[in-house]
Amino acid sequence: MNASPPPLKPEKPKPEKACPVCRKPATEAFRPFCSKRCADVDLNRWLVGAYAVPTEETEEDEAQGIRRDADEG
Ligand SMILES: [Zn+2]
């Protein structure tokens, strides 16, 4: 048998941190978020979590990312 390892192709040239809210590349100004809005969203999550109330409908586009709640641990 010919044991020839396949050529490794470069993946992830630069491990950039992604916004935990919308998974977009974070910006230095609002790290680890991509924008102030996402920072607010994350903050809101903490606030609403403390009161256990439904979040206000902001933007469904971002909401999809929020759906990924850290409820596994
Ligand atoms: Zn974001």
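Where is the place of Pro-32? Pro-32 lies in the segment before α1, the helix that covers 36–51. That stretch is a good place to spend some time, but a few ground rules come first.

You're looking at a predicted model, where local features need pLDDT of at least 70, side-chain atom pairs count only at pLDDT 80 or more, and totals for chains, interfaces and linings use all residues. Residue numbers start from 1 along each chain as its sequence is written.

Now the overall picture. The protein chain has two helices and zero strands; helices (H or I, at least four residues) and strands (E, at least two) are DSSP runs, numbered from the N terminus. Of its 73 residues, 11% are buried. Here, buried means that 20 or more other C-beta atoms lie within 10 Å of a residue's own, exposed means 12 or fewer, and partly exposed is in between, with C-beta atoms placed from the backbone. As for contacts, two residues make one if their C-beta atoms, placed from the backbone, lie within 7 Å. Among contacts between residues at least 6 apart in sequence, 17% join residues at least 24 apart.

Back to Pro-32. The peptide bond leading into it from Arg-31 is cis, with omega near -5 degrees. Arg-23, also in the segment before α1, has its own backbone quirk: a positive phi, near 70 degrees, in a residue other than glycine. Why point these out? Because most residues other than glycine have a negative phi, and most peptide bonds are trans. Arg-23 counts as partly exposed because it has 14 C-beta neighbours inside 10 Å. Pro-32 is partly exposed too, since 14 other C-beta atoms lie within 10 Å of it.

What does Pro-32 touch, leaving aside its neighbours within four places in sequence? Its contacts are Lys-17, Cys-19, Pro-20 and Ala-26. Take Cys-19: it is 13 residues from Pro-32 in sequence, yet the two are 5.9 Å apart in space, C-alpha to C-alpha.

Cys-19 is itself in the segment before α1, and it counts as buried because it has 22 C-beta neighbours inside 10 Å. With neighbours within four places in sequence left out, Cys-19 is in contact with Lys-24, Ala-26, Pro-32, Phe-33, Cys-34 and Cys-38. Phe-30 sits eleven residues from Cys-19 in sequence and 9.4 Å away in space, C-alpha to C-alpha.

That contact list leads on to Phe-33, another residue in the segment before α1. Phe-33 is buried because 23 C-beta neighbours fall inside 10 Å. Not counting residues up to four places away in sequence, Phe-33 touches Cys-19, Val-21, Ala-26, Cys-38, Ala-39 and Asp-42. Between Phe-33 and Cys-22, eleven residues apart in sequence, the C-alpha to C-alpha distance is 8.5 Å.
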